[in-house]
Amino acid sequence: MTTTTPHSPAIAAEGLRKAYGDKVVLDGVDLTVPTGTVFSLLGPNGAGKTTAVKILSTLVTADAGTLRVGGHDLAADPQSVRAAIGVTGQFSAVDGLITGEENMLLMADLHHLSRSEGRRVTAELLERFDLVEAAKKPASTYSGGMKRRLDIAMTLVGSPRIIFLDEPTTGLDPRSRHTMWQIIRELVADGVTVFLTTQYLDEADELADRIAVLNNGKIVAEGTAEELKRLVPGGHVRLRFSDPDAYQSAATALREVTRDDEALALQIPSGGSQRELRSILDWLDATGVEADELTVHTPDLDDVFFALTGGTDIPQQTKENVR
Amino acid sequence: MSTLSLALRDSNTMLRRNLLHARRYPSLTLNLLLTPIMLLLLFVYIFGDVMSTGIGGTDRSDYVAYIVPGILMMTIGGTVIGTAVSVATDMNEGIIARFRTMAIHRGSVIVGHVVGSVLQCVASVVLVGAVGVAIGFRSTDATPLEWLAAFGLLVLFSLALTWIAVGMGMASPNAEAASNSAQPLILLPLISSAFIPAGTMPGWFRPIAEYQPFTPAIETLRGLLLGTGIGNNWWIAILWCVALAALGHRWSKASFNRDPK
């Protein structure tokens, strides 16, 4: 039934375009997701992430572009695409009026599983997602984390080979978030291809093999987390002072540094290698600067994100102030 | 699996889902039955004597016989308001987006709503009919064949109004809007021959009462159950039903196939 070979990508999009009226949401997006990998589409709110998922999961039609999912053409054969995928959207796709168990059995029926097979899969997934106790309660009474778990469990009933997860952890507390990450890792271990959208950089860093940064409907960067981090300068040594006078004299002595007057901190650009660090320490000793705290910062995805989507060159300050 | 058996299986799954909703939350359907039942009791017990004289009867029981067929049709109109509301509510749920991305028969979501609604209409008609019988309604001379025809007419009329209500529900942005746009379905019987014969209405108004779907359907049902003259009402009623069902079907399908926001 499926024409996927190990070599053909699970998802391939070329020149994907979508506009709602005058507003261009996706402006010529190219993507390739190899089978069995996790691909993360990263971007700020309104970048077009959800629209991309809606199109690739056959919910919405594209205006232009050659799109193939699971080896099937999206425009010509959407029904075969649907048979290969599972989708968990940003907003809960559970039937709130019926119980968690009934939701699962509904999915089993729609995947045409036999009665006994449906019961078996339902019991297994409810157990795996820690929903056994809540199984007989209406889904509308579930907490955010439980709803999301039920949502993913429902998506897994048909054992899809390609799964779209649209901001799966948005609005979840830290514990639920880590549970969700664990679930995604288990899926990947089973060989499932995961297309993940997120606005959290640590999430993409944690889970994805490849990351594409979407901004204003265009892919502005693509690569592994390491490759993306290399795109932006951001490595520095940070010196923090508790005494304003010591801070002032150090700032005067070390002229080529970035000042953060509010935090009483100085930043010296550095790649973070041992040699560079030693020369900085020597320099500090030579000028008689004694900082209360010295930390080495390597660029993280936050730096990449701000540099690529913000269009400004002050990522550090913004980030530090937010935290 | 062939396309037809796939369609049947998925539609059946969707039907069971809708009936589960109706069973778990019966208040919506039951509330909608209050209007026809209250009007029935009001017109029989409060206005009954005057109304009976008006239609040339001798006592209240003549008016019970006259009003019950109209009330049954009104019950269908009221029940499908619930259909419009639940369709509109459903379309705003994430689960529908999920259904759209699954390899299921595309029409099954709508078919599930339609069949579920017709079944609810039949159940409602039976309930309200039981109230009618309890206050003295008796079919005077219906043969088994006429009973069957009456039942068929009620189902056909339910199907027609259901399709329109499903179309309204699909096209409405939310439940409130759906409820508003479906209101005419319970108001139309008030200006039909349900409560008084169209012939007793002011001349200028008579065409409005006569050329609307409820009057021919009510007259046909009355004829089948009570032996009054049907004339050409039966085929006008059927024509109305077929036209409304076809219109609602096209409308619903077009709305459902449109890209969701």
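This section describes the fold of chain B, the packing of its helices and its interface with chain A, as seen in a predicted model.

Chain B contains 12 helices and zero strands, so that the order of its elements from the N terminus reads α-α-α-α-α-α-α-α-α-α-α-α. The C-alpha trace of chain B extends over about 65 × 35 × 35 Å along its principal axes. The radius of gyration of chain B is 19 Å, which agrees with the value near 18 Å that a compact globule of 261 residues would have.

According to the UniProt record, an unreviewed entry, the feature "domain: ABC transmembrane type-2" occupies residues 27-259 of chain B. In the model this span is 76% helix and 0% strand, and its end C-alpha atoms are separated by 32 Å. The unreviewed UniProt entry also carries the annotation "transmembrane region" for residues 25-48, 63-88, 109-135, 147-166, 186-205 and 225-248 of chain B. Among these segments, residues 25-48 of chain B are 88% helix and 0% strand, with end C-alpha atoms 35 Å apart, while residues 63-88 of chain B are 100% helix and 0% strand, with end C-alpha atoms 38 Å apart.

Helix H7 (residues 144-171) of chain B takes part in two of the helix pairs described here, one of them with helix H6 (residues 108-134) of chain B and the other with helix H11 (residues 214-226) of chain B. The axes of H6(B) and H7(B) lie 9 Å apart at an angle of about 135°, and H6(B) is therefore oblique to H7(B). The crossing of H6(B) past H7(B) is right-handed. On the H6(B) side the contact is formed by Ile110(B), His113(B), Val114(B), Ser117(B), Val118(B), Cys121(B), Val122(B) and Val125(B), which meet Leu154(B), Val155(B), Ser158(B), Leu159(B), Thr162(B), Trp163(B), Ala165(B) and Val166(B) of H7(B). By class, the residues of this contact between H6(B) and H7(B) comprise 12 nonpolar, four polar and no charged.

In the pairing of H7(B) with H11(B), the axes come within 9 Å and cross at roughly 160°, an angle over 145 degrees, so that the two helices count as roughly antiparallel. H7(B) and H11(B) pass each other in a left-handed crossing. Glu146(B), Ala149(B), Ala150(B), Leu153(B) and Phe157(B) of H7(B) make this contact with Ala217(B), Thr220(B), Leu221(B), Leu224(B) and Leu225(B) of H11(B). The contact of H7(B) with H11(B) comprises eight nonpolar residues, one polar and one charged.

A further pair is formed by helix H4 (residues 60-91) and helix H8 (residues 175-182) of chain B, whose axes come within 8 Å and cross at roughly 155°; H4(B) and H8(B) are therefore roughly antiparallel. The crossing of these two helices, H4(B) and H8(B), is right-handed. Val80(B), Ile81(B), Ala84(B), Val85(B), Val87(B), Ala88(B) and Thr89(B) of H4(B) contribute to the contact, together with Ala175(B), Ala177(B), Ala178(B), Ser179(B) and Ala182(B) of H8(B). The contact of H4(B) with H8(B) has 10 nonpolar residues, two polar and no charged.

At the interface between the chains, 21 residues of chain B contact 23 residues of chain A. Helix H1 (3-24) and helix H5 (94-100) of chain B are the elements that supply two or more residues to the side of chain B touching chain A, and H1(B) provides the largest share, seven residues. This side of chain B is made up of nine nonpolar, four polar and eight charged residues.

Definitions and conventions: Residues are numbered from 1 along each chain as its sequence is written. Chains are lettered from A and ligands numbered from 1 in the order in which they are written. This is a predicted model: local features need pLDDT of at least 70, side-chain atom pairs count only at pLDDT 80 or more; totals for chains, interfaces and linings use all residues. Two residues are in contact if their C-beta atoms, placed from the backbone, lie within 7 Å. Helices (H or I, at least four residues) and strands (E, at least two) are DSSP runs, numbered from the N terminus. Ala, Val, Leu, Ile, Met, Phe, Trp, Tyr, Cys and Pro count as nonpolar, Asp, Glu, Lys and Arg as charged, and the others, Gly among them, as polar. Axes are lines fitted to C-alpha atoms, for helices over the stretch in contact, and angles run from 0 to 180 degrees between N-to-C directions. Angles under 35 degrees count as roughly parallel, over 145 as roughly antiparallel, 65 to 115 as roughly perpendicular and the rest as oblique. A crossing is left-handed if the near helix is turned anticlockwise from the far one by less than a right angle, and right-handed if clockwise. UniProt positions are given in the numbering used here, feature names are shortened, and annotations may be inferred rather than shown by experiment. The radius of gyration is taken over C-alpha atoms; the globule rule is 2.2 Å times the number of residues to the power 0.38.
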